[in-house]
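Reader: I would like a close look at one part of this model, the sheet and what packs against it, set in the context of the chains that carry it. Please take the parts in a connected order.

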Amino acid sequence: MPMKGRFPIRRTLQYLSQGDIIFKSSVKVMTVNYNTAGELSEGARKFVFFNIPQIQYKNPWVQIMLFRNMTPSPFLRFYLDSGEQVLVDVEDKTNKEITEHIKKILGKSKETLEKEEKERKKLSHPGTFGPKKYHLRECMCEIEGQVPCPAIVPLPKEMRGKYKTAMKNEA
Amino acid sequence: PAPSPAPSSALAAPLRPGPAPRPGFPQCPRPRPHYISHNAQHPSHAAIGRCRGASLPPRGAGGCAMLRALRRCCPRAAAGPGPGFGPGPGLWLVPSRGRKSREDPPAKSKASRLKLPPPVDPLELFVVTERYRQHRLVLSALRSEFRAEVKRKKQEALAGGEDAAEHVEEHRLLMAWNDAENARQRARREERLRKEEEERKRQKLEAEESKARLMEAFVKEKEKEVLQLQEEAKTFITPENLDARIEECLDNPRNYNFAIDKEGRIVKRTVLP
């Protein structure tokens, strides 16, 4: 069964995770006013169609609202938690330009993202092993250089209990 | 030995110096309330469980068995309830489950049963309580330390990190840049609108011009036709010059006869009679 919709690639996880706009924590609401017809709104329309799913995927706690055919020219408006409203005029811009613009003014910078990534990594140690939910490896047998899982590769005779006890009994 | 009125008060009440220390039991040091343990009660300690309605005593919840035992060290009416006396201070005969349900009374053979707690070595108890005290002291210190750290981290995060001022400054700059960008966009838009306006005007003018031209051409055409007609009107045959024209025609007979050969040469040789 093929995928549904006009550009079903927009629904794939790979496409969504390629979105690179992660808003600062102060951005709460994003509003897009655009028109469904007209050459000047073309960039905004493409932005809504292609880029907003990526943005919402990366920012699940930001509310995004779309308003169609309410104003003559398209624009974006961001509402921050301090009450400030940021207006971005997107008339006559391509969707790539729009994404660059909002990434610059309201997106988390690369340094911030890296810092957060490091903080997250600090919480868990990659060397521990346990349940798959919290660790990389579940059993000692998965670690390189350790004895392989006896379920896959049988242990040598000398390490097995039955052999050892047999030897002991023999002796 | 005066029996206490209720089991809870017996536990909560401070140790009463009994009449005389029982032989074989050295005088135990009074346990001091050094901590308030918020641990859950061990379900098997029925004596505690019996104080359901009453508020649980602040102490004695942690090392219940040992502290209770210690309290029992000091002589009280802890000789236990007499046979058939019913539940004594701090003790309540627990009906055990299994075959019987909770409303069934205990068996007659158990009427004189006196359950005594396990004997306590006071020296060991002292040592152990001391160790527990230190252990709990350390643990609670650690816990409060961690709590303070977490709280500090949260507050720090709320304040926006150590470079909060820097962030604000950065934000201001970005907003200024955004405003500049918007201004540029506005300029571009106005330019575009102006151009469109001009274009429209030009178009309108051109349309008018072409229309005027068309009108002119039309008028000229009509004029030409009129003139031509006027010219032709000179050669019209009117009732006035009818006779004259007839005379003229009769006087000048015109010969329309001609011959043509295959090469296309026209020959006009016929003669009118």
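To begin with the setting, how many helices and strands does chain B have? After that, please turn to the sheet in chain A, and say in what order its strands lie and which helices pack on it or lie across it.

Author: The model is a predicted one, and the values below are computed from it. Chain B has six helices and two strands, and from the N terminus on its elements run α-α-α-α-α-α-β-β, with the two strands placed after the helices. Of the 273 residues in chain B, buried residues make up 14%, and the accessible surface of the chain comes to about 22,300 Å², with 60% of that area belonging to carbon and sulfur atoms. Among the contacts in chain B with a separation of 6 or more, 57% are accounted for by residues 24 or more positions apart.

Chain A, which carries the sheet, has five helices and four strands, arranged along the sequence in the pattern α-β-α-β-β-β-α-α-α. Here 30% of the 171 residues count as buried, and the chain exposes about 11,900 Å², of which carbon and sulfur atoms supply 58%. Of the contacts in chain A between residues at least 6 apart in sequence, 61% join residues at least 24 apart.

The sheet itself is open and is formed by four strands of chain A in the order β2-β1-β3-β4, with mixed pairing. Its edge strands are β2 (63-68) and β4 (85-89) of chain A, each of which pairs on one side only, and from one strand to the next the twist averages 15 degrees. In general, strands of a sheet pair through backbone hydrogen bonds, and they do so either parallel or antiparallel. In the case of strand β3 (residues 75-80) of chain A and β4(A), the two run antiparallel and are joined by five bridges; within this part of the sheet, A:Arg77 stands opposite A:Leu87, a residue of β4(A).

Helix α2 (residues 42-58) of chain A packs on this sheet, where it touches β1 (27-34), β2 and β3 of chain A, and its direction makes about 160 degrees with that of β1(A). A further helix comes from chain B: helix α5 (residues 164-234) of chain B lies across β3 and β4 of chain A and runs at about 35 degrees to β4(A).

Two places outside the sheet can be added to this picture. A:Phe7 is located in the segment before α1 (13-17) of chain A, and, leaving aside its neighbours within four places in sequence, A:Phe7 is in contact with A:Phe49 and A:Phe50. Although A:Phe7 and A:Phe50 are 43 residues apart in sequence, their C-alpha atoms are 8.8 Å apart in space. A:Phe7 counts as partly exposed because its relative accessibility is 39%, a value in between the limits of under 20% for buried and over 50% for exposed.

In chain B, B:Phe146 lies in helix α4 (residues 122-159), and its relative accessibility is 49%, so B:Phe146 also counts as partly exposed. Together with B:Val138, B:Leu139 and B:Leu142, B:Phe146 makes a nonpolar surface patch of about 340 Å².

How values were computed: Residues are numbered from 1 along each chain as its sequence is written. Chains are lettered from A and ligands numbered from 1 in the order in which they are written. This is a predicted model: local features need pLDDT of at least 70, side-chain atom pairs count only at pLDDT 80 or more; totals for chains, interfaces and linings use all residues. Side-chain values use heavy atoms; hydrogens and water are left out. Patches are made of residues with over 30% relative accessible area and no salt bridge: like charges are joined within 9 Å, nonpolar side chains (Val, Leu, Ile, Met, Phe, Trp, Tyr) within 5 Å. Accessible areas come from the Shrake-Rupley method with a 1.4 Å probe; for residues, only the protein chains shown count as cover. A salt bridge is a side-chain nitrogen of Lys or Arg within 4 Å of a carboxyl oxygen of Asp or Glu. Buried means under 20% relative accessible area, exposed over 50%, partly exposed in between (1.4 Å probe, protein chains only). Two strands pair if DSSP finds at least two bridges between them. Axes are lines fitted to C-alpha atoms, for helices over the stretch in contact, and angles run from 0 to 180 degrees between N-to-C directions. Contact means heavy atoms within 4.5 Å.
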